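Biologist: Before I use this model at the bench, I would like to know what lies behind the words used for it. Please take the ligand site and then the cores.

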Amino acid sequence: MIEISGLSKKYDKTVALDKVDLTIPTGICFGLVGPNGAGKSTLMKILAGILKEFDGKVSLYDQGEPSLGYVPQDICLEETVSAQANMNFFGRVYGLKGKELQERQQLIFEDIGLSERAKSKVTTYSGGMKRRLNIGCALLHSPEIVIMDEPTVGVDPQSRRHIFELIRKLKQEGKTIIYASHYMEEIEGLCDYVAFIDRGKVVEQGSIEELLTRYAGSGVFIKGELPDDFLDNEEVFQKDGGFVIKTEKPLEKLAFLAKKCEIEGVEPNQLSLMQPRLEDVFFSLTGTELRDKSA
Ligand code: ADP
């Protein structure tokens, strides 16, 4: 596992990380979630060994250089040559050559779904394809730890699917994946553990299941023109132009409200079960939405 304690990082006067404590178990997908400017990239760059000046402790480098692949947020490829030439370059940087390099390359091109386009110049690639190639380059040497910084930003749905499949495969192979995103749905779908980062601090961390149970809870969502006293006896909060009724027995509550609507002649636009979401956990921890809904 990777232990991080009291990790702080400043850029001149800007505090990017403020006494961060984190435990990242081996062989899981660990999500770092937080708004832009929260400190995710800084943390990843420190883990990747790129930023070397910081305060605090990171156990990753205790026993020499770890087996690690880093996918930066900004795509880093030489676009005037072929995808294959880029792979060759990165392969050599990672100390691979000859038959081993060729075999790994072939496997990676299959994994990222670009075998047919391996010989094409990168200038002919779409943004999503470039992103997949960039990820592939970081995996050539079969690293045990893979760090990915917002790998789906600006990526088309097909490339996004490829990236998700690849991450699931890496997970099955027992790799440790550290994945930063400000898309909660991605973290929910891919990760086992998550740390919420806000303004340089870790506000909470744990398994997704545990955090959902602890903070979000389940409920029933109702939206529409309701009589003033319709929800008087319920514990509610407002959301997306409607109301969430929090309850430990959402099915029972849904049936109760449906019956009540029928009896009182109320026709809501929406009456549905509300499963707990990470977005709600973040809201309950920080009092802010992770991102503007219209963005
Ligand atoms: P995130 O990845 O969550 O968007 P970053 O780690 O990139 O967050 O940034 C954290 C804070 O540090 C922000 O306030 C950002 O403006 C600042 N920052 C990041 N990199 C630099 C840098 N090279 N020089 C000065 N400030 C920086």
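Modeller: Helix H1 gives the largest share of the shell around the ligand, 3 residues. Keep in mind that this is a predicted model. H1 (40-47) and strand S2 (14-24) each supply at least two residues of that shell.

Biologist: Which residues are around the ligand?

Modeller: They are Tyr11, Thr14, Ala16, Pro35, Asn36, Gly37, Ala38, Gly39, Lys40, Ser41 and Thr42. By kind, the shell has 4 nonpolar, 6 polar and 1 charged.

Biologist: Why is the pair between threonine 42 and the ligand called a polar contact?

Modeller: A polar side-chain atom of threonine 42 lies 2.5 Å from an oxygen atom of the ligand. The cut-off for a pair of N or O atoms is 3.5 Å, so this pair counts as a polar contact.

Biologist: What makes glycine 37 and glycine 39 polar partners of the ligand?

Modeller: Their backbone atoms. For glycine 37, a backbone N or O atom lies 2.7 Å from a ligand oxygen. For glycine 39, a polar backbone atom is 3.0 Å from an oxygen atom of the ligand. Both pairs are within 3.5 Å and therefore qualify. As for cover, the ligand taken alone exposes 570 Å², and the protein buries 60% of that.

Biologist: In the largest nonpolar core, which residues touch the most other members?

Modeller: Leu133, Tyr179, Phe196 and Leu278, out of 46 residues in that core. Helix H4 (residues 127-139) gives the most to this core, with 6 residues. Another core, of 27 residues, lies apart from it and includes Ile2, Leu22, Met44 and Val58.

Notes. Residues numbered from 1 in each chain as written. Predicted model: local features only at pLDDT ≥ 70, side-chain atom pairs only at ≥ 80, totals over all residues. Heavy atoms only, no water. Near = heavy atom within 4 Å. Polar contact = N/O pair within 3.5 Å; in protein donor to acceptor, adjacent residues only side chain to side chain. Areas by Shrake-Rupley, 256 points an atom, 1.4 Å probe, with all protein chains shown as cover. Helix = DSSP H or I, 4+ residues; strand = E, 2+ residues; numbered from the N terminus. Nonpolar A, V, L, I, M, F, W, Y, C, P; charged D, E, K, R; others polar. Core = buried A, V, L, I, M, F, W, Y, C linked by side-chain atoms within 4.5 Å. Buried < 20%, exposed > 50% of the residue type's maximum accessible area, 1.4 Å probe, protein only.
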